[in-house]
Amino acid sequence: MEQVLQSVDIVLNTVWARLAFGAIALVLLLAAVILLVQWGHQRARLAQVFERASAPSFYTHIDTMTHAFDQQTATQNELRAVCADIEQTSHGFFDTVDIEHYDAFAGQAGKFSFSLLMLNRNGSGIILTSLTSTQGSKVYVKRIETGKSDTALSREEQELLSRHARS
């Protein structure tokens with residue numbers, strides 16, 4: 001046992017061992033100083049908050065902020081409800097709109113005739129067709145329900161509808 005203590009004593013009395021212990025002590029002292037400074041800053045901040053809390057205007061300010069937060073929450077809930085409403089009714093909106101210009105009659109140039117397709121996300125809507133000739137123009141509207149028409153479609157109308165058919 002005595003030999004072990006002598007060996008430890010020899011190791012601890014070397015210059016490197018003393019430097020290592022000194023460095024460790026210095027690091028611990030530096031860490032303690034940093035923690036004390038941070039603790040002092042936190043105490044100062046807490047003192048400011050609680051000092052302000054003793055003023056009557058502090059509670060008025062808190063009440064104002066709480067009221068504003070409640071209003072914000074109510075507005076947010078209203079917006080969520082409106083968005084849910086829009087989501088439920090948006091199937092009536094047209095999210096597909098396309099137009100095809102063409103010459104409806106032989107010998108005519110300029111592509112003055114057209115078919116306008118307007119469909120909602122369910123594939124329902126209308127095809128509006130305007131057939132224009134040198135004699136005048138006629139307009140037809142055909143209803144589309146889930147990608148199909150209850151009225152016969154022209155070749156151009158069918159091609160337009162087929163481009164946007166929902167699977």
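Patches are built from residues with over 30% relative accessible area and no salt bridge, joining like charges within 9 Å and nonpolar side chains (Val, Leu, Ile, Met, Phe, Trp, Tyr) within 5 Å. These legends describe a predicted model, where local features need pLDDT of at least 70, side-chain atom pairs count only at pLDDT 80 or more, and totals for chains, interfaces and linings use all residues. Residues are numbered from 1 along each chain as its sequence is written, and side-chain values use heavy atoms, leaving out hydrogens and water.

**View A. A nonpolar surface patch.** Leu26, Leu29, Val33 and Val37 together offer about 380 Å² of accessible area (Shrake-Rupley method, 1.4 Å probe, with only the protein chains shown counting as cover for residues). Leu29 sits in helix α2, residues 15-53 (helices are DSSP runs of H or I with at least four residues, strands E runs with at least two, numbered from the N terminus). Leu29 is exposed at 54% relative accessible area (exposed is over 50%, buried under 20%, partly exposed in between).

**View B. Two acids share Arg163.** Asp98 forms a salt bridge with Arg163, with the closest N and O atoms 2.9 Å apart (a Lys or Arg side-chain nitrogen within 4 Å of an Asp or Glu carboxyl oxygen). Asp98 belongs to strand β1 and Arg163 to helix α4, so this pair ties together parts 65 residues apart in sequence. Glu100 also bridges to Arg163, at 3.1 Å.

**View C. Lys142 meets Glu157.** The closest N and O atoms of this salt bridge are 2.8 Å apart. Lys142 lies in strand β4 and Glu157 in helix α4, 15 residues apart. Lys142 counts as buried at 14% relative accessibility, and Glu157 does too, at 2%.

Terms used: Buried < 20%, exposed > 50% of the residue type's maximum accessible area, 1.4 Å probe, protein only.
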